[in-house]
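Me: I'm new to this one and would like a friendly tour. Could we go through it together, one question at a time?

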Amino acid sequence: ADLFVDALLLSMEGNSTATERYLIFLEDEYQMLSLGSVIDDALFDFRESLEVVYDESRVETFYVSISSASFASLCLVLLFLAIFRIIGESDSALAAQDKLARQQAHEMRNLYAPAIHFMDAFVESTDPNDYYSMKGDMRTALHLLKEVELQHQSRLDMYKILRGRYSGRTETFDVLQFLQNRVKAEDAVARATRGGETSVTFTVGLGLEFGKAEEIQVQTDLYCLNHIVSNLLSNARKHCYVGKVVVEFKGADDQGRLLFSVLDEGVGIPNEIRSKLFATEVVTGDLRGTGLGLPSTALFAKAAGGYVRLVDTRLQDESGKGGFTEFEFAVAGRIIQMSNVFDLESPDTDPLCPDTEAKEEDDATTADGDIPDNVTVVIIDDSAINRTCILRSLRRVVNIAGADGWTFRQCETIEQAQPVLEPLADIVHTIVTIDENCDSKGGKLTGTNLVSWLVGLQFQGLIVSASGDAHMGQEHLHLGAHIAWGKPIASVDKILEQLRAHFNHRPRRGGTSIGGAASIGSSAAVPRASTKKH
């Protein structure tokens, strides 16, 4: 039995010749003549079994080869199809990008071309009397250029949201004043792009629950809200030529969201594109979009913990009447407080479009003493234009507040500013505005380094982040800066409000002091007395 097991093992290796020889060897070695016929029969049956197995193996090998070849051919075909599809998608993407770039360029030109025209006329005028008469045109040019800056920043933040790098910042502000500013800006754009006149009325509405209200303080992500409102108002302006555009604050729902709506009496939205409004760039009529539009609105609404949706729309009739479009959107937030002062529908005053100059005069009359005299301001930025913007805004604040004796110092780099700031460390009436990167002027240290250094010095003045990157502004606040203005710089009213709060209440820093040395960068870059206080 053991010998035949060995023979079986040989056969399992697929070597029939070796198996046969092994059986013959057994026959010769042990002279098993009496078993010869049995062995011959067994060997014959075994050979037939092996032949059947080999035949089946050849057939299976053939089919396996055919299957492998077919599978390889199929894979090759799928590969070619995938390549062709990728090429097609790439061509489509390039075509879409080309169209998007042309749309953006066209829309930007609609904004900055009138601004350039107004500024050219102002510069070329030789009559001093024209300067005052052109003040309104220059204000319009300013609105237009601010819209260009807003769109540019929106694109940058869209990329941050798509990469998951956007970190929202909750702010408390008057939502009525915010909506008023957006309405005024959109009205200015409409007038500038339509020859100075428009038949569209831009207004702000309130939900019935508010009745009479002068101020409604809310808390939400102001940046996302600004983007959503700006885009929906811009969309309404482009498609409304006669009638009204109304942005309404409806209040708060029971899910911790603030509700808004934008209604325009424009051309309406065709049925075939209503389902695509928030998925792709959609152009209604003969106008071109900015490349931001409704898809980005949905993106920012989601980032702010809310939504945006089309409530209803109707196309204009043949006479150009009867059309409208209404959008509703929400952002996470809450109402902080509300004050009721006057009737919003009073015909004698328009609280939603206050006169800017009158407001400034009123501030100048009532704000004496709020802002101290003899304040030293150090402005750090490698851009002369940015320094000038901050300088002009602060000078306007000084004029409104009636303060005297303010001095201004300008520095292009952090290294240049350190010797200026160190002697001022103990002086409360000091303001320093800090940009993050000053490398264009050869600076090696950053605004982040400077904030840490000032905190280490126990700097007693006001530390202001003036970085154009909102993320860096948050980092400066975390390290110890008091406030962040960003770029474009905050409005004069906002700056005045923050300076009053600082000098009257002396808020604590947003960050904590750095323990140990106050050094930033290498020891060679730190002023001699940088270890003065710890």
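Me: Happy to start. Leaving out residues up to four places away in sequence, which residues does L179 touch?
Reply: Good place to begin, and keep in mind that this is a predicted model. L179 is one of the residues with the most contacts inside the largest nonpolar core. Not counting residues up to four places away in sequence, its partners are V204, V229, V247, F249 and F260.

Me: How many residues does that largest nonpolar core have?
Reply: In soluble globular proteins, nonpolar side chains tend to be buried together. Here, the residues with the most contacts inside the largest core are L179, I216, F249, F260 and F329. The number of residues in this core is 43.

Me: Which helix gives the most to this core?
Reply: The top contributor supplies seven residues to the core. It is also mostly covered, with 14 of its 17 residues buried. That helix, residues 222-238, is α7.

Me: How far apart are the end C-alpha atoms of α7, and what should its 17 residues span?
Reply: The expected span follows from a rise of 1.5 Å a residue, which gives 24 Å for the 17 residues of α7. The distance between the end C-alpha atoms agrees with that expectation. Both values are 24 Å.

Me: Which residue caps the N-terminal end of α7?
Reply: Look for a side-chain oxygen that lies 3.1 Å from the backbone nitrogen of Y223. The residue that provides this oxygen is D221.

Me: Is C224 buried or exposed?
Reply: A residue counts as buried when its relative accessible area is under 20%. C224 has 0% relative accessibility, so C224 is below that cut-off. C240 also has 0% and counts as buried, and the answer for C224 is buried.

Me: How many disulfides does a search of the whole structure find?
Reply: A disulfide needs a pair of cysteine sulfur atoms within 2.5 Å. The search covers the whole structure, and the number of disulfides it finds is zero.

Me: Let's move to strand β5. Is L259 buried or exposed?
Reply: L259 is found in β5, which runs over residues 257-264. Leaving aside neighbours within four places in sequence, its contacts include F249, Y307 and F329. With a relative accessible area of 16%, L259 is buried.

Me: What distance separates the C-alpha atoms of L259 and E328?
Reply: Along the chain, these two residues are 69 residues apart. In space, their C-alpha atoms are separated by 7.4 Å.

Me: What is the relative accessible area of R257?
Reply: R257 is another residue found in strand β5. Residues it touches, beyond those up to four places away in sequence, include G251, Y307 and A330. R257 is buried, and its relative accessible area is 18%.

Me: Now for helix α12. Why do its buried residues line one face?
Reply: In α12, residues 414-421, the buried residues are I414, A417, Q418, V420 and L421. Seen down the helix axis, they line one face because they fall within an arc of 170°.

Me: Which elements do those buried residues of α12 pack against?
Reply: At the start of α12, a side-chain oxygen of T413 reaches to within 3.1 Å of the backbone nitrogen of Q416. As for the buried residues of the helix, their packing partners are β8, β9, β10 and α13.

Me: Which backbone oxygen does the side chain of Q460 reach?
Reply: Q460 sits in the loop between α13 and β11 and counts as partly exposed at 28% relative accessibility. Its side chain comes to 2.7 Å from the backbone oxygen of Q458.

Me: What is the phi of Q458 near?
Reply: Most residues other than glycine have a negative phi. Q458, found in the loop between α13 and β11, has a positive value although it is a residue other than glycine. Its phi is near 55°.

Me: Is N374 buried or exposed?
Reply: N374 lies in the loop between α10 and β8. It has a positive phi of about 55° although it is not a glycine. At 56% relative accessibility, N374 counts as exposed.

Me: To finish, what percentage of the residues in the protein is buried?
Reply: The protein has 15 helices and 12 strands. Of its 534 residues, the buried share is 40%.

Key: Residues are numbered from 1 along each chain as its sequence is written. This is a predicted model: local features need pLDDT of at least 70, side-chain atom pairs count only at pLDDT 80 or more; totals for chains, interfaces and linings use all residues. Side-chain values use heavy atoms; hydrogens and water are left out. Buried means under 20% relative accessible area, exposed over 50%, partly exposed in between (1.4 Å probe, protein chains only). Helices (H or I, at least four residues) and strands (E, at least two) are DSSP runs, numbered from the N terminus. The arc is that of the directions from the helix axis to the C-beta atoms. Contact means heavy atoms within 4.5 Å. A polar contact is a pair of N or O atoms within 3.5 Å; within protein, one must be able to donate a hydrogen and the other to accept it, and residues adjacent in sequence count only if both atoms are side-chain atoms. A nonpolar core is a set of buried Ala, Val, Leu, Ile, Met, Phe, Trp, Tyr and Cys residues joined through side-chain atoms within 4.5 Å. The expected span of a helix is 1.5 Å times one less than its number of residues.
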